[in-house]
Amino acid sequence: MTSRIAVLGSTGSIGTQSLDVARKCGYRVAALTAGSNIDLIEKQIREFRPKKAALLDKERAAELKIRVADTDTEVLAGADGICACAAETDADTVINAIVGLAGLNPTLATLTAGKNLALANKESLVAGGALVKNAAKAHNAAILPVDSEHSAIFQCLQGSPGNQAVKKIILTASGGPFFGKKREELRHVTVAEALNHPNWSMGAKITVDSATMFNKGLELIEAVRLFDVAPEHVDILVHRESIVHSLVEYADNSVIAQLGVPDMRIPIQYALTYPARYASPVAELDLAALCNLTFYKPDYETFECIHICREAVAEDGLAPAAVNSANEEANLLFRQGKITFLDIPRLIRAAADAAPHKKEFTAEDIFELDALMRAEIHKRL
Ligand code: NAD
Ligand code: MG
């Protein structure tokens with residue numbers, strides 16, 4: 001149970017929804033961080049009065065310091081400033097809502113400081129793997145899932161200590177904007193079409209990851225890490241309505257699911273109130289009004305990114321970090337209009353082939369690999 005939070009990535013989709021939860025539940029906010037959105041973070045500082053705040057952009061951090069000089073908030077700058085906001089405050093839970101591998105050091109800083117981590121930034125757990133898990137164990141810090149599917153699984157596992165008699169985890173996937181399309185039809189899809197998600201309003205990177213279904217691949221790896229299950233015991237099920245957020249199948253073939261309207265404030269709040277539950281501003285689920293819930297097998301041939309991630313987690317070591325970094329770069333280049341939609345899996349595979357195979361690694365190895373994967377992608381443009 002949390003009383004004070006820090007929100008890393010406070011100006012983003014998850015960050016702003018986390019602050020909405022804090023507002024409604026009355027949490028104190030100890031720290032706020034963002035990339036460069038100075039106007040929004042200034043507003044947030046004035047509303048929540050955190051002890052510390054940081055911007056990655058050092059010039060804007062200097063300007064922010066002047067702007068909020070009339071408050072008690074100490075303004076820090078750069079990646080180190082963000083890590084200090086995670087570790088050096090009296091927050092008992094840190095919400096990591098940064099996008100991408102940039103979330104890795106803040107994740108490690110949070111856990112090393114012995115603080116609970118409410119994790120939206122799946123990339124840090126996917127790439128960091130054992131490094132992140134060991135930091136949590138060594139410092140007795142909990143990792144609480146914010147990703148809706150993983151929050152659902154976490155909820156379905158309550159009452160089953162040590163994942164007793166769990167047969168299978170079933171991750172649901174909306175299928176994204178290109179559900180039902182075949183490879184050939186994806187050749188000329190535009191960035192705007194990829195950004196048009198049917199059910200969720202999210203940041204640009206994860207929205208494109210949902211269109212390629214790389215997001216579900218990341219979530220498969222995230223589930224393996226969070227719940228200590230073998231990858232072959234994690235299934236994926238397309239569920240267009242995003243009402244059933246995921247399921248757990250037990251040894252007796254009983255299947256437990258968690259349902260709710262698609263609103264991230266439910267899993268964010270649960271990560272903060274666990275194991276308790278409180279009233280939420282989110283709408284009630286009206287199943288009768290929905291009438292139908294539909295389920296399909298994923299089209300693995302068209303959405304080959306799921307497979308890329310499955311292979312990476314089976315290999316483990318640095319392989320998940322390699323595909324994660326390659327995807328970050330390919331995703332960005334697609335959003336910049338520099339490559340096509342079908343180039344994304346092609347370039348990820350080609351780059352990942354050039355990655356070193358290593359079982360044991362440090363955070364530095366991951367950042368070195370990140371630079372290598374991005375360079376490998378650019379070589380092939
Ligand atoms: P977003 O782009 O809306 O927000 C990202 C936040 O991180 C912003 O505050 C931005 O300023 C900050 N940021 C960006 N680059 C940074 C960097 N290099 N260093 C420090 N801060 C940086 O992203 P989002 O959609 O809120 O997603 C955040 C994370 O949550 C991602 O890992 C995503 O996969 C995960 N997630 C998001 C949703 C969702 O509904 N949006 C759902 C599940 C999981
Ligand atoms: Mg998700």
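**Exercise 1. Locate aspartate 316 in the chain and describe its backbone and its exposure.**

Solution. Aspartate 316 sits in the loop that runs between α14 (305-315) and α15 (319-335), where helices (H or I, at least four residues) and strands (E, at least two) are DSSP runs numbered from the N terminus. The model is a predicted one, in which local features need pLDDT of at least 70 and side-chain atom pairs count only at pLDDT 80 or more, while totals for chains, interfaces and linings use all residues. Residues are numbered from 1 along each chain as its sequence is written, chains are lettered from A and ligands numbered from 1 in the order in which they are written, and side-chain values use heavy atoms, with hydrogens and water left out.

Turning to the backbone, aspartate 316 is not a glycine, although its phi is positive, at about 60°. Its relative accessible area of 33% makes aspartate 316 partly exposed, given that buried means under 20%, exposed over 50% and partly exposed in between (1.4 Å probe, protein chains only).

**Exercise 2. Describe aspartate 228 in the way used for aspartate 316, and then find the cis peptide bond that precedes proline 275.**

Solution. Aspartate 228 belongs to the loop between α11 (214-227) and β9 (234-238). It also has a positive phi without being a glycine, here of about 50°, and with a relative accessible area of 61% aspartate 228 is exposed. The cis peptide bond joins tyrosine 274 to proline 275, with omega at about 5°, and proline 275 itself is found in the loop between α12 (265-273) and α13 (287-290).

**Exercise 3. Work out how strand β2 is paired with β1 and β3, and whether its residues are mostly buried or exposed.**

Solution. Begin with β1 (residues 4-8), which pairs with β2 in the parallel sense over five bridges; two strands count as paired if DSSP finds at least two bridges between them. Within this pairing, leucine 8 has threonine 33 of β2 as its bridge partner. On to β3 (residues 52-55): β2 and β3 are again parallel, with four bridges, and alanine 34 is matched there with leucine 55.

Next, follow the connections. Helix α1 (residues 13-25) together with β1 and β2 makes a right-handed β-α-β unit, and a second right-handed β-α-β unit is made by β2, helix α2 (residues 38-48) and β3. Finally, six of the seven residues of β2 (residues 28-34) are buried, so this strand is largely enclosed by the rest of the structure.

**Exercise 4. Characterise the boundary between domain 1 and domain 2.**

Solution. The domain assignment of the protein gives domain 1 as 4-145 and domain 2 as 150-315, and the centres of the two, taken over C-alpha atoms, are 25 Å apart. Contact, meaning heavy atoms within 4.5 Å, involves 23 residues of domain 1 and 27 residues of domain 2. The two domains bury about 2200 Å² between them, 70% of it on carbon and sulfur atoms; this buried area is the accessible area (1.4 Å probe) that two parts lose on being put together, summed over both. On the domain 1 side, Lys122, Val126 and Pro145 lose the most area to domain 2, together 30% of what that side buries.

The count of salt bridges between domain 1 and domain 2 is four, a salt bridge being a side-chain nitrogen of Lys or Arg within 4 Å of a carboxyl oxygen of Asp or Glu.

**Exercise 5. Which parts of the chain are tied together by the salt bridges of aspartate 90 and of aspartate 39?**

Solution. The side chains of aspartate 90 and arginine 4 form a salt bridge, at 3.5 Å from N to O. Aspartate 90 lies in the loop between α4 (78-87) and β5 (93-96) and arginine 4 in strand β1, so the pair ties together parts that are 86 residues apart in sequence. For aspartate 39, the salt-bridge partner is arginine 67, at 2.8 Å from N to O. Because aspartate 39 lies in helix α2 and arginine 67 in helix α3 (residues 58-67), this pair ties together parts that are 28 residues apart in sequence.

Note on methods: Right-handed = clockwise from strand over helix to strand, strands pointing away. Domains from an automatic or database assignment.
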